[in-house]
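Colleague: I am new to reading protein models. Could you take me through this one, question by question?

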Amino acid sequence: MRILGIETSCDETGVALYDSERGLLEHALFSQVDLHADYGGVVPELASRDHVRKLLPLVRQVMERSGTAPADLDGIAYTAGPGLVGALMVGACAGRALAYGWDVPAVEIHHMEGHLLAPMLEENPPAFPFVALLVSGGHTQLVDVRGLGEYELLGESLDDAAGEAFDKAAKMLDLDYPGGPRLAALAEKGDPSRFTFPRPMTDRPGLDFSFSGLKTYTLTTVRDNALEDGLPDEQTCADIAAAFQEAVVDTLVIKCRRALKATGRKTLVVAGGVSANKLLRERLEAALAKEGATACYPRHEFCTDNGAMIAYAGYLRLKAGQRADLGVEVRPRWPM
Ligand code: KG4
Ligand code: ZN
């Protein structure tokens, strides 16, 4: 089977071709980061318009580069939610229309399912069942994954997502959007022991998260140490970044260990933008080794949004017999 995957839920236009015999054939991504940078965050209307501009050229590009004709396709998968409604509409309308025009089935994909299946595109892919930690700009969830579509939510953030907290803390330190990777880079120059940030909700049982208090704590620390221009000196900013990152990573690791213990699983899949974080990977590696468990990640470029994970999820869903009908429906909020 050969599947075209389309991702447009936020600020990346991603297109890919997955072939069940040959693996990932092609993928192309256009990131809108520069477009939104001046506004300090994603502007939904601008995102939608840019998806309109970029999507079909990217589809043409992956089809041509892989020597794929429409007749070679067995289906088209597109992200139907969750995400920005206008942005989702672009990918869904285009995906549905192309599938109709090329006379192949279409299938709707849940964006977070795409993320959690992304490590299956790598060598030594994880096998069901496993626990997944989904950490992106919009979600922080621990999920018990028994099989395709068999998901039990074990815990989630009650307020901000981990990536969102990274982005907001980065803004307080005057770092450009998207702040997560920039804060992580700054943290490398910092002393994580100078400030001690709280590890929210780790002192009581349960697998839920809360990151909004950490945001307030960061703001207070920035203000308490600010110079005349409103920011602490460079080293202090790095120390705050390091303390913040420590706190988020520590909290995530504690809950992952708890989730593995509670379910008895030995494999942890970590996906979503924050799974690119180096410290998180190092700490999980060390913590899981003690428990005889292993962690699986997508390759770096597939941690954040991409079309490859949607093409792959589409392949599994189509193989399982799932089809989208002719109506185009997107779900900005969509529990997994
Ligand atoms: O999965 P993703 O591309 O988009 C969503 O579905 O949200 O995740 C983007 C999020 C952003 O909040 C970004 O700051 C964060 O992932 N992120 C990171 C790192 N790389 C991306 N956060 C911490 N450390 C990183 N290295
Ligand atoms: Zn995502």
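Modeller: Here are some questions and answers on the two sheets, the backbone and the ligand; note that this is a predicted model.

Colleague: Take the sheet with β1. Which strands stand at its edges?

Modeller: Five strands form this open sheet, in the order β3-β2-β1-β4-β5. Its pairing is mixed. Two strands each have a single partner, so one side of each is left without a neighbour in the sheet. Those edge strands are β3 and β5.

Colleague: How many residues does the hairpin from β2 to β3 pass through?

Modeller: Strand β2 covers residues 12-19, and strand β3 covers residues 23-31. They pair in the antiparallel sense over eight bridges. Within that pairing, Leu17 stands opposite Glu26. The hairpin that joins the two strands passes through three residues.

Colleague: Now β4 and β5. Which residue in β5 stands opposite Thr79?

Modeller: These two strands pair in the parallel sense, over five bridges. Opposite Thr79, in β5, stands Ile109.

Colleague: At what angle does helix α3 run to β4?

Modeller: Helix α3 packs on the sheet. It touches β1, β4 and β5. Its direction and that of β4 make an angle of about 160°.

Colleague: And helix α2? What is its angle to β2?

Modeller: Helix α2 spans residues 44-65. It lies across β1, β2 and β3. Its angle to β2 is about 25°.

Colleague: On to the other sheet. What is its average twist from one strand to the next?

Modeller: Here the order is β8-β7-β6-β9-β10, again an open sheet with mixed pairing. At the edges are β8 and β10, and each pairs on one side only. From one strand to the next, the twist averages 25°.

Colleague: Which residue is the bridge partner of Val131 in β9?

Modeller: Strands β6 and β9 run parallel, and four bridges join them. Strand β9 covers residues 267-271. There, the bridge partner of Val131 is Leu268.

Colleague: Which helix lies across β6, β7, β8 and β9?

Modeller: The helix in question covers residues 234-263. It runs at about 155° to β6. This is helix α8.

Colleague: Let's turn to the backbone. What is the omega of the bond between Tyr177 and Pro178?

Modeller: Most peptide bonds are trans. The bond from Gly81 to Pro82 is cis, with omega near -15°. Pro178 sits in the loop between α5 and α6. A cis bond joins Tyr177 to Pro178, and its omega is about -5°.

Colleague: What is the phi of Asn124?

Modeller: Most residues other than glycine have a negative phi. Asn124 lies in the loop between α4 and β6. Although it is not a glycine, its phi is positive, at about 50°.

Colleague: Last, the ligand. How much of the area of ligand 1 does the protein bury?

Modeller: Start with the contacts. A polar side-chain atom of His111 is 3.3 Å from an oxygen atom of ligand 1. A backbone N or O atom of Gly163 lies 3.1 Å from an oxygen atom of the ligand. Taken alone, ligand 1 exposes 550 Å², and the protein buries 87% of that.

Colleague: Which element gives the largest share of the shell around ligand 1?

Modeller: In the shell, 17 residues surround the ligand. They divide into four nonpolar, eleven polar and two charged. Helices α4, α5 and α6 each give two or more residues. The largest share, three residues, comes from α5.

Terms used
Residues are numbered from 1 along each chain as its sequence is written. Chains are lettered from A and ligands numbered from 1 in the order in which they are written. This is a predicted model: local features need pLDDT of at least 70, side-chain atom pairs count only at pLDDT 80 or more; totals for chains, interfaces and linings use all residues. Side-chain values use heavy atoms; hydrogens and water are left out. A residue is near a molecule or strand if one of its heavy atoms lies within 4 Å of it. A polar contact is a pair of N or O atoms within 3.5 Å; within protein, one must be able to donate a hydrogen and the other to accept it, and residues adjacent in sequence count only if both atoms are side-chain atoms. Accessible areas come from the Shrake-Rupley method with a 1.4 Å probe; for residues, only the protein chains shown count as cover. Ala, Val, Leu, Ile, Met, Phe, Trp, Tyr, Cys and Pro count as nonpolar, Asp, Glu, Lys and Arg as charged, and the others, Gly among them, as polar. Two strands pair if DSSP finds at least two bridges between them. Axes are lines fitted to C-alpha atoms, for helices over the stretch in contact, and angles run from 0 to 180 degrees between N-to-C directions. Contact means heavy atoms within 4.5 Å.
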